[in-house]
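User: I'm new to this structure and would like to learn how to read it, one feature after another. Could you guide me?

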Amino acid sequence: MKYRWLFVVALLLLAVLTAQSAPTYTYLDLVKRLTDLKYLSTLPAPGDTMAQWSSYDRASKYDAATDKYLAWDANGDGSGYIRQEGEQFVFAEMKGPGCIWRMWSAAPGAGHVRIYLDGATEPTVDLPFSGYFDGKTEPFTYPALVNNMSAGQNNYVPIPYQKSCKIVADKDWGAYFHFGYETFPEGTVVPTFRVSLSPEEKAALAQADGELSAPADAFIAKARAYKYFTIPAGGKVTVGALKGSGALSGMLIMPPVVPAADMEKVLRELAIQVKWDGEAEPSVWAPLGDFFGTGPGLNKYQSYPLGMTDMVFYSRWYMPYAKGAQVEIVNDGATERQLKVFLLTEPLAAADAAKLARFHAKWHRDAFLYQRPDRLIDWPMLKTDGRGRFVGVALNVWDPRGGWWGEGDEKFFVDGEKFPSTFGTGSEDYFGYAWGNPRLFSNAYHNQTRNDNTGNNGHIAVNRWHISDAVPFQTSFEADIEKYQSNKRPTQYDCTVYWYQAGGKDLYTSVPVAERVDYYTQVAIKNADGAFEGEALKILAGNAGVQEMSGFGADKWSGNMQLFWPSGKPGGKLVVALPVDADGKYQLTTVLTKADDYGIFQFSLDDVKLGDPVDLYNNGVIPSPVIDLGAHDLTKGEHKLTIENVGKNDAAKAMYYFGMDWIKLTPVK
């Protein structure tokens, strides 16, 4: 009994000490987090957590009784919510003290989304969901923080609350949402957000916006004198032997001068590694280009912690050490290489450095893949233990067949969670854009730095940095992203992952050069002879796109692609251009797609109907037999082919989809 009372007293004392040590944050303090790279190295206090509410498919569940993940690949991620209250949808509920650090949507609509803070009966923010992202309403007007990046709507303006936060939406709010939020340790004092900020608070947001949007020129100009190094073939060179305690707060490296055709391979043959405080194995190891946030190759972009310009790679991650650091460049190629390097350091007392976590960055391919059948879809980006913060990832995708690779959700398991506290809605959503948009973009926190083709085939490189929304962990952390396309397709992933850690063990080792270069192989794609590919047709009217079809059977569709049109209701029309090279008579044939959610369509050529409507219903996704649309006398030039939705088969789902593989004009002799 005495020991029980001692235990109770100890718990009460711990609670009192925790309350006494809990911090007080002003709104200015929280705004500083948007740009504070030093803060990331601090060890998270017990009770400090990061999580996310999103519209992920609620069919995905964890069954504790059987220790199995159910419907783990469920993919209806656009409309999930906690519950419905009358005609409103509850998106999020949090207990404070806390702060919303990030909002995102792929399709915010006109329906209002309301944020209620600290038990108030009136919403603190009440806007059409689109109003959180369109840059028209204060304080959501700062372009580095509130922006549209390749169809992804982002908002990083911090919204703190002391006791609670509840987010509800009207109907017609749109589709897809993320709300990433931090819960501070009990006893932390934060202000309750208000839309009308003070002049000082507005100035702080404007300053952060300026820092995040400024070119890296001023940082690069800090290089006083680069040192020149020759790295022998098959060898390594120490480019920085740092003594005592301090922090490596910047790295600037001029890449080797090589022919453009060789750069991709050379930047994978060279690797950077860093050892802290005399450790035997490096905490930082990555191919040289990949460490700076994009690969393979030299892909120019500028973000806040990392980037590549025409002349120099830069890093401004804050990397403390207590007893010294060893920075090395390894050359696993057959030719010596020359680099210019400048390291920027800051003083830091050994006692202060001992209280901070060490920076880690590791590149890998397919490390620690799951073997259990219910987790095969989860591709691990990072698995680690100890105490620290997850701060970002650069993901590279080799997608030779093209089409959309990234339906996969991100899932973060913190401190042994069985169900992830962060569960996303799609890979591109996590990286700040939407709808698989191939357009490149640069931002302080997220970037698409490479995309070889508008059909998403070839190399795709994306990254995401967690600065204000770094994910704290006390004992372990696991970051996965769903991978829908298999290595046999072959769709290959590799990534560089970045985190701070104290204690525990970094499980990642260096990767042999043979696994870093030339693993991506081209795929021979068959195309129909002499035909116009549906996905390449010029759209004159209607909203159609490209769909990758190899998931329904490799090489069943010409080019493994089709023109895809979600035709909507009966009466909808899609008009495409049909080019004719010379006057003559032509036989018009086509191959379409049939499925259980496809409709019935009437074809017309230059506003003249072509036979009877075509029913595209089938119980399963297949290419149709060749469909004959008749012989026609055509003049040289562009003709108009119209496809009209005229209904559906009684057995078909009411989706009215249309897909065209190819269409062909064969001269009639």
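Analyst: Gladly! Let's begin with burial: a residue counts as buried when its relative accessible area is under 20%, and as exposed when that area is over 50%. Keep in mind that this is a predicted model. A good first case is strand β15, where 6 of its 6 residues are buried.

User: Which residues of β15 are buried on one side and on the other?

Analyst: The general idea comes first: along a regular strand, side chains alternate between the two faces of the sheet. In β15, one side carries His178, Gly180 and Glu182, while the other carries Phe179, Tyr181 and Thr183, and both faces are covered.

User: Which strand does β15 join through Ala51 and its bridge partner?

Analyst: In general, the strands of a sheet pair through backbone hydrogen bonds, in a parallel or an antiparallel way. Here, β1 (residues 49-54) runs antiparallel to β15, and 6 bridges join them. Within that pairing, Ala51 has Tyr181 as its bridge partner. Strand β6 (residues 98-105) also pairs with β15 in the antiparallel sense, over 6 bridges. There, Cys99 is matched with Glu182.

User: How should I read a sheet, and what is the order of its strands in the open sheet of 5 strands?

Analyst: Follow the strands from neighbour to neighbour. The order is β4-β5-β13-β8-β9, with antiparallel pairing. β4 (83-85) and β9 (125-128) each have a single partner strand, so one side of each has no neighbour in the sheet. From one strand to the next, the twist averages 25 degrees. At the β4 edge, 3 bridges pair β4 with β5 (residues 88-95) in the antiparallel sense, and Glu85 stands opposite Gln88.

User: How many aromatic pairs does the structure hold?

Analyst: It holds 57 aromatic pairs. To read one, look at the distance between ring centres and the angle between ring planes. For Tyr25 and Phe184, the centres are 5.4 Å apart and the planes are at 50 degrees, so this pair is tilted. Tyr25 lies in the loop between α1 (2-21) and α2 (27-32), and Phe184 in the loop between β15 (178-183) and α3 (199-213), so the pair ties together parts that are 159 residues apart in sequence. Tyr25 is partly exposed at 22% relative accessible area, whereas Phe184 is buried at 3%.

User: Which residues do ring pairs link into a cluster?

Analyst: The cluster includes Tyr27, Phe91, Phe129, Tyr132, Phe133, Phe140, Trp173, Phe177, Phe179 and Phe193. You have already met Phe179, as one of the buried residues of β15. Rings can also have a charge over them: the charged end of Arg58 sits over the ring of Tyr56, 4.1 Å from its centre. Likewise, the charged end of Arg375 sits over the ring of Tyr370, 4.2 Å from its centre.

User: Is Thr384 buried or exposed?

Analyst: Thr384 has a relative accessible area of 8%, so it is buried. This residue belongs to strand β28 (residues 378-385). Its side chain makes a polar contact of 2.5 Å with that of Gln501. Beyond its sequence neighbours up to four places away, Thr384 touches residues including Phe473, Trp499 and Lys505.

User: What is the relative accessible area of Lys383?

Analyst: The value is 21%, so Lys383 is partly exposed. Lys383 is also in strand β28. Among its contacts outside four places in sequence are Phe368, Tyr370, Glu478 and Tyr508. By contrast, the C-alpha atoms of Lys383 and Val258 are separated by 36 Å, with their positions 125 residues apart along the chain.

Key:
Residues numbered from 1 in each chain as written. Predicted model: local features only at pLDDT ≥ 70, side-chain atom pairs only at ≥ 80, totals over all residues. Heavy atoms only, no water. Helix = DSSP H or I, 4+ residues; strand = E, 2+ residues; numbered from the N terminus. Buried < 20%, exposed > 50% of the residue type's maximum accessible area, 1.4 Å probe, protein only. Polar contact = N/O pair within 3.5 Å; in protein donor to acceptor, adjacent residues only side chain to side chain. Contact = heavy atoms within 4.5 Å. Phe/Tyr/Trp six-rings, centres within 6.5 Å; stacked < 30°, edge-to-face > 60°. Lys NZ or Arg CZ within 6 Å of the ring centre and 35° of its normal. Pairing = 2+ DSSP bridges. Axes fitted to C-alpha atoms, helices over the stretch in contact; angles between N-to-C directions.
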